[in-house]
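I set out to look up the salt bridges in this structure and the surroundings of their partners. My entries follow the order in which I examined them.

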Amino acid sequence: MNMDPCHLGRRAMLKVTALAVIGSIFTPVHAEALPAITVWKDPNCGCCGGWGEHLRRNGIAATVIDTADMQAIKAERRVPPELASCHTAEIAGYTIEGHVPAAAILKLLAERPPGRGLAVPGMPVGSPGMEGGQPEAYDVMLFGSTAPTRFGRFLGDKQI
């Protein structure tokens, strides 16, 4: 019997070919990596860390930068004052203000609507990072190209 792997018999070649085809069918396709998000927050804010963990659980790598001058970051990112919240972030050129759910960020990246970013004004109870208590429905607003418009309505981290 010839043990040289370069001289496989016909039956062995068919088995190898069949295994290769089956393996290619069941090999998971790796999704394109999501861009990382940079989050600026006040060093004394606890809810911002919870929001960062929510992003990480949903596949968005977060780099968190503590800063004592959040107003300067908000001004630089051109966050409308009426949409301001506690932390500000940047992902793929978009500004993310406040407790925006990962699902809304992923939708933003998939659809690429005109605008500068998304915001959840204030700090709604039940939004990512603000868990606890009776969750309230809240709007995620798209801002920057025209007047802010509703991008989605959420309860907790789920769109409703």
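The entries below concern charged side-chain pairs in a predicted model.

Entry 1, overall search. I searched the whole structure and found 6 salt bridges. I then looked at several of them individually.

Entry 2, helix α2. I found a salt bridge between the side chains of Arg56 and Glu53, at 2.9 Å from N to O. Both residues belong to helix α2 (residues 47–57), where they are 3 residues apart, about one turn of the helix. I looked up their accessibility: Arg56 is partly exposed at 36% relative accessible area, and Glu53 is partly exposed at 40%.

Entry 3, strands β6 and β7. I noted a salt bridge between Arg150 and Asp139, whose closest N and O atoms are 3.0 Å apart. Because Arg150 lies in strand β7 (residues 149–155) and Asp139 in strand β6 (residues 137–143), the pair ties together parts that are 11 residues apart in sequence. Arg150 is exposed, with a relative accessible area of 51%, whereas Asp139 is partly exposed at 23%. The cut-off for exposed is over 50%, so Arg150 at 51% meets it.

Entry 4, network. I asked which residues are linked with Asp139 and Arg150 in a network of salt bridges. The further member is Arg153.

Entry 5, Asp157 and Lys158. I recorded a salt bridge between Asp157 and Lys158, with the closest N and O atoms 3.4 Å apart. Asp157 is partly exposed, having a relative accessible area of 31%; Lys158 counts as exposed at 53%.

Conventions
Residues numbered from 1 in each chain as written. Predicted model: local features only at pLDDT ≥ 70, side-chain atom pairs only at ≥ 80, totals over all residues. Heavy atoms only, no water. Helix = DSSP H or I, 4+ residues; strand = E, 2+ residues; numbered from the N terminus. Buried < 20%, exposed > 50% of the residue type's maximum accessible area, 1.4 Å probe, protein only.
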